[in-house]
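Please read this report with the sequence and the model side by side, and look up each residue as it comes up. The sections go from terms, to the chain as a whole, to one helix, to charged pairs and to single residues.

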Amino acid sequence: MLSFFAGDGAWLTALALCCYGQNPSVWILNYDIMARFRRRTCIILLLFILFICSIMMALKTLRPDRAGFGDPFGLGLLPELQQQRVHLDNKQNSLNRVQGDTITHVNNLHSIAVNTMKASMPPVIKLEEELSSPNYNFHIFYYSWFGNPQFDGKYIHWNHPLLPHWDPKIANNYPKGRHNPPEDIGANFYPELGSYSSKDPSVIEAHMKQMRAASTGVIVLSWYPPGMADENGEPTDDLVPVILDYAHKYNLKVTFHIEPYKDRDDRSMYHNVKYIIDKYGGHPAFYRHRTSTGRLLPMFYVYDSYVTIPEIWANLLTVSGSQTIRNTPYDALFIALLVEERHKHDIQRSGFDGMYTYFATNGFSYGSSHHNWASLKAFCDSNNLMFIPSVGPGYIDTSIRPWNNHNTRNRVNGKYYETAFSAALLVRPEIISITSFNEWHEGTQIEKAVPKRTGQVVYLDYKPHKPNVYLELTQKWSEKYRKEQEQWLM
């Protein structure tokens with residue numbers, strides 16, 4: 001086509017005269033216009049090709065020069081990977097400054113090889129630089145009751161039994177038996193760490209790192225006295241020193257969630273508190289709360305406190321009580337569980353220092369219902385008590401209570417959790433508690449979970465989000481709490 005139009009001009013002129021009868025000068029003018037148009041088109045096409053090449057070169061310069069083969073462009077934009085890459089960049093820049101201009105060609109080749117390896121290896125974490133600062137007004141409930149054959153000789157808690165309904169007629173309609181780990185566990189979600197043991201040091205460290213990344217500050221450790229445990233577990237008091245040590249490494253603090261062990265009363269509680277303070281009170285990770293009067297006191301959450309009558313608690317928690325702990329070396333802040341509205345008066349009479357709501361099921365109880373938090377806060381303010389609302393990401397326990405589906409609270413991709421935080425911030429609490437880090441049986445965990453499918457079980461997961469989405473949401477609201485608290489105190 002192009003060679004035809006670029007042929008002999010005379011021949012084209014004759015053809016024009018024969019076929020069209022036009023004036024040759026007119027046809028030549030049209031030919032010149034077409035020639036200029038073709039040249040212009042070619043130039044534009046060439047410029048366009050150069051522009052595309054420039055864009056490709058620019059994009060290539062944005063790609064990390066240390067990336068190994070198969071390292072996809074753009075992964076550095078993801079938050080977690082970006083933190084790793086910044087860490088590697090800082091290390092490489094420091095190395096280059098030391099070596100200066102003395103680096104030889106061999107060393108350059110070695111550096112390229114090392115950088116390629118680093119791109120696929122997890123970096124060494126600098127805790128204070130890469131993790132969110134702890135918020136000691138964010139307390140998170142933590143359970144150390146899990147076990148597996150490697151560390152404990154058997155599975156503990158992951159093999160939780162299916163609990164029967166109290167009405168035999170209803171109970172007969174649901175399955176019975178016990179879960180069979182590691183594929184079948186007593187939870188509706190599946191942990192990223194698998195059916196782990198709470199004794200595994202790598203698990204404890206991973207948990208501390210996650211809680212620190214979430215910008216929580218105080219671990220509320222589920223606790224039974226030495227030699228005692230819940231009906232599905234084993235004693236865990238011997239783990240406390242290890243947990244304290246790892247918590248200190250991550251600049252976290254530990255307080256105690258005293259469970260309703262058999263025969264718990266004023267006398268046993270006095271001995272329990274004395275034991276905890278004597279044995280663990282000197283550890284740098286042991287939590288003490290500064291009161292409005294400037295005192296630094298330990299804090300104890302007391303689960304199912306309403307089971308014991310106020311008169312028994314008053315023996316321990318009032319100044320005139322027969323077993324009083326007040327104004328002694330073992331004085332502390334004692335926080336009671338509020339379930340029903342009437343419990344607030346019992347808590348006051350008992351001599352407790354505050355109340356918490358624990359349950360992550362909005363509407364399940366008076367205390368766990370968000371719309372009641374304002375009146376509870378007002379009651380506490382007028383009676384010199386602390387109000388600690390408990391927020392959670394959702395609730396589902398049908399893996400161990402198959403008949404309890406009506407109390408399930410869907411996570412709604414994190415919206416349920418954020419709604420709870422929003423409701424808590426509205427009442428301006430001094431402390432917010434989080435239910436929970438790893439209560440897997442009740443599906444309240446914010447610990448990392450992963451998709452899992454076995455022969456007959458399909459576990460829930462956090463999709464479309466990442467396994468750490470609830471850690472990120474906690475960190476987000478921790479920062480929001482800090483900013484709003486500054487305004488409250490102005």
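## Terms and model

Two residues are said to be in contact when heavy atoms of theirs lie within 4.5 Å. This is a predicted model, in which local features need pLDDT of at least 70 and side-chain atom pairs count only at pLDDT 80 or more, while totals for chains, interfaces and linings use all residues. Residues are numbered from 1 along each chain as its sequence is written, and side-chain values use heavy atoms, with hydrogens and water left out.

## The chain as a whole

The protein chain holds 16 helices and ten strands, where helices (H or I, at least four residues) and strands (E, at least two) are DSSP runs that are numbered from the N terminus. Of its 490 residues, 48% count as buried; here buried means under 20% relative accessible area, exposed means over 50%, and partly exposed lies in between, with a 1.4 Å probe and protein chains only. Among contacts between residues at least 6 apart in sequence, 71% join residues at least 24 apart.

## Helix α11 and its surroundings

Helix α11 covers residues 266–280, which makes 15 residues, and it reaches 21 Å from its first C-alpha to its last, close to the 21 Å expected at 1.5 Å a residue. That expected span is 1.5 Å times one less than the number of residues in the helix. At the N-terminal end, Asp265 acts as a cap for α11, with a side-chain oxygen 3.1 Å from the backbone nitrogen of Arg267.

Which residues of α11 are buried? They are Asp266, Ser268, Met269, Tyr270, Asn272, Val273, Ile276, Ile277 and Tyr280. As background to such a list, an α-helix has 3.6 residues a turn, so residues three or four places apart point the same way. The buried residues of α11 pack against several elements, among them the strands β2 (218–223), β3 (253–258) and β5 (296–302), and also the helices α10 (240–249) and α12 (310–317).

The packing of α11 with α12 can be described further: the two helices meet at an angle of about 40°, with their axes 9 Å apart. Axes here are lines fitted to C-alpha atoms, for helices over the stretch in contact, and angles run from 0 to 180 degrees between N-to-C directions. On the α11 side, Asp266, Met269 and Tyr270 meet Ile312, Trp313, Asn315 and Leu316 of α12.

## Charged pairs

Side chains of opposite charge can pair when their charged atoms come close. A salt bridge is counted when a side-chain nitrogen of Lys or Arg lies within 4 Å of a carboxyl oxygen of Asp or Glu, and by this rule the count comes to 20 salt bridges. One of them joins the side chains of Lys154 and Glu234, at 2.8 Å from N to O. This pair links distant parts of the chain, since Lys154 is in the loop between α7 (149–152) and α8 (168–171) and Glu234 is in the loop between β2 and α10, 80 residues apart. Lys154 counts as partly exposed at 40% relative accessibility, and Glu234 is partly exposed too, with a relative accessible area of 32%.

Another salt bridge joins Glu418 and Lys476, at 2.7 Å from N to O. Here too the pair links distant parts of the chain, with Glu418 in helix α15 (residues 415–426) and Lys476 in helix α16 (residues 469–488), 58 residues apart. In addition, Glu311, Glu340, Arg342, Asp346 and Arg349 are linked in a network of salt bridges; within it, the side chains of Glu340 and Arg342 meet at 2.8 Å, N to O.

## Three buried residues

Is Arg326, in the loop between α12 and β6, buried or exposed? At 12% relative accessibility, Arg326 counts as buried. Its side chain makes a polar contact of 2.9 Å with that of Asp331, where a polar contact is a pair of N or O atoms within 3.5 Å; within protein, one must be able to donate a hydrogen and the other to accept it, and residues adjacent in sequence count only if both atoms are side-chain atoms.

Ser144, in the loop between β1 (138–142) and α7, counts as buried at 7% relative accessibility. Leaving aside neighbours within four places in sequence, Ser144 is in contact with Ser198, Leu221, Thr236, Leu239 and Ile243. His343 lies in helix α13 (residues 343–350) and is buried, with a relative accessible area of 4%. With neighbours within four places again left aside, His343 is in contact with Tyr306 and Leu338.
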